[in-house]
Every structure is written in C-alpha cells, then in structure tokens.
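Thanks for sharing this one. Here are my notes, set out as numbered points to read beside the coordinates.

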Amino acid sequence: MQPSALIRNLKEKFQLPLPGIESHLKMVAVERMEYLAKARANLNSIQSSVLVTLYPLDNGLGTILIKRTTDSTPHSGQIGFPGGKKEDFDLTSADTALREAWEEIGLLSHHVKILGALSPLYVLPSNFTINPVVGFIEQPGTLVPNPGEVEYVIKLPLQQLREHIAFLDMEVRGYQLRKVPCFSMNGHIIWGATAMILQELLDVLYGSATS
C-alpha cells in the first residue's frame, strides 16, 4: 500500500477503538505480566508524551527513534521515541511531543501533521504515563541529536519491523528475564514500552498478523 493510502487508513482507524492492551501484551515477557497489570492500575503518574513520526519510505512508511544517552535515569541508554515529561505550559499531549522532538533531535514542529494518538501506557520504573502522539512529515530532513539527551537518531521501515521480532534473554535492573519479545533490526534491540507502542501502531496500520 502506498504511503498516502496508509496514512488515510491510519486516520480512519484512529476514529475506532484501539487495540491497546491486546497489542501491548504481545511485547511483554512472561515474568512481567503481573507488572503490567499493576501498571495499568496507577492513577497518580507523571504525564508524558512521545512523538511517533511517520514519513514516506520505500513505498511504505518509516519511523524515527532515538538512542538515549547513558546516565542515571531509569531509561538510560535505551532506544525510544523522542519525548518527555509534560510541562505546565504544554496545553496538549501533542504540544509536549512536538516540543520534545524539537529539543531532542531538532524536528521542526510546523513540518509535522498530527494524525492522532495511540493508547496511553504506564511505565513503572519512571512512574510515567506515556501518551504516544502520531504525526506525519513529508521527509525527516537533517536531524541533529541534542548531545545531552540523545546519542544518535535511528530511522527504520515500519513494515519490515514485523519480520524482525525476536525473543531474547535480558537482565533488567537486576532481574533476569527470559525470552523477552522485542524488535531486532539493523543491530538495534527495541523492547519494553517502545516495543509495545510500535506493536500497537503495526496492528492498527497493518492488522494483527503478528499475533
């Protein structure tokens, strides 16, 4: 399907109920199922947003991720979407997502057309509720990582991600997890909340063939 048709289809899907937890569970290790159940019950979390940017790539759609710098924060060194905590002056989730994308990788807000939003997702280690905002740009252009927050920018084809699901053993904050569902592509391992968001996006865009 051509990028323009995919975008039209996606905008229509955003008017319908989203798969939410059904998609998220596909990217959760068995040992963390209880964690996800607890996470869904949290009502006092810090609101945050990420920008899920789509752009035309090889007769399909690409997306933009970042490799975070290594520091003392809960998601140090991980791969994710540009984003961060809602500030008092942010009126909407889209305001937060666009501001963070500009601050982290220099993505110009006025180039982004907001299409809709995916399901909110609570992350226990940071006590953040992530609100994924989906936007479209004609071309990403030159993106400049903020060295204080981002090591480098990653561009990946969405449709091919469906063919790169892996199950890897990991140690996460001292816990041993076996067969963690993740996306493994071009040397990048994408797991956790980012993988859950990506899985919902793939299910909405292309259907639930990955289940």
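1. Let me begin with a residue on the outside. Asn59 is exposed, with a relative accessible area of 57%. The residue sits in the loop between S1 and S2, and its phi is near 60°, a positive value in a residue other than glycine. Please keep in mind that this is a predicted model. As background, most residues other than glycine have a negative phi.

2. Lys179 deserves a look for a similar reason. Its phi is positive, about 50°, although Lys179 is not a glycine. Lys179 belongs to strand S10, and with a relative accessible area of 55% it counts as exposed, because the cut-off for that class is over 50%.

3. Now the overall picture. The protein has six helices and 11 strands, and 50% of its 211 residues count as buried. Among contacts with a separation of 6 or more, 66% join residues that are 24 or more positions apart. The accessible surface is about 10500 Å², with 53% of it belonging to carbon and sulfur atoms.

4. How many residues does the largest nonpolar core have? There are 36, and Leu10, Leu54 and Leu158 have the most contacts inside this core. Helix H6 gives the most to it, with nine residues. Apart from this core lies another, of 15 residues, including Tyr55, Ala97, Ala101 and Ile137.

5. Leu158 is a good residue to centre your view on. Leaving aside residues up to four places away in sequence, Leu158 touches Leu54, Leu61, Gly62 and Thr63, among others. Its contacts also include Leu198, Leu201, Leu202, Leu205 and Tyr206, which fall within the range of H6, residues 192–206.

6. H6 itself has 15 residues and reaches 21 Å from its first C-alpha to its last, close to the 21 Å expected at 1.5 Å a residue. Is this helix enclosed or exposed? Of its 15 residues, 14 are buried, so H6 is largely enclosed by the rest of the structure. Just after the helix comes Gly207, with a positive phi of about 95°.

7. The sheet beside H6 is worth checking next. H6 lies across S9, S10 and S11, and runs at about 45° to S10. These three strands form an open sheet in the order S9-S10-S11, with antiparallel pairing. S9 (165–172) and S11 (188–190) are the edge strands, each pairing on one side only. On average, neighbouring strands of the sheet are turned by 50° against each other, direction ignored.

8. Within that sheet, S10 (residues 175–185) pairs with S11 in the antiparallel sense over three bridges. For a place to look, try Phe183, which stands opposite Ile190 in S11.

9. Finally, helix H4 (residues 93–105). At 1.5 Å a residue its 13 residues should span 18 Å, and the end C-alpha atoms are 18 Å apart, which agrees. Its buried residues are Ala94, Thr96, Ala97, Leu98, Arg99, Glu100, Ala101, Glu104 and Ile105. Which strands do they pack against? The partners are S1 (46–57), S2 (60–68), S4 (83–85), S5 (113–117), S7 (128–136) and S8 (150–157). Ala97 and Ala101, both buried in H4, are also among the residues of the 15-residue core. After H4 comes Gly106, whose phi is positive, near 70°.

Technical notes: Residues are numbered from 1 along each chain as its sequence is written. This is a predicted model: local features need pLDDT of at least 70, side-chain atom pairs count only at pLDDT 80 or more; totals for chains, interfaces and linings use all residues. Side-chain values use heavy atoms; hydrogens and water are left out. Helices (H or I, at least four residues) and strands (E, at least two) are DSSP runs, numbered from the N terminus. The expected span of a helix is 1.5 Å times one less than its number of residues. Buried means under 20% relative accessible area, exposed over 50%, partly exposed in between (1.4 Å probe, protein chains only). Contact means heavy atoms within 4.5 Å. Accessible areas come from the Shrake-Rupley method with a 1.4 Å probe; for residues, only the protein chains shown count as cover. A nonpolar core is a set of buried Ala, Val, Leu, Ile, Met, Phe, Trp, Tyr and Cys residues joined through side-chain atoms within 4.5 Å. Two strands pair if DSSP finds at least two bridges between them. Axes are lines fitted to C-alpha atoms, for helices over the stretch in contact, and angles run from 0 to 180 degrees between N-to-C directions.
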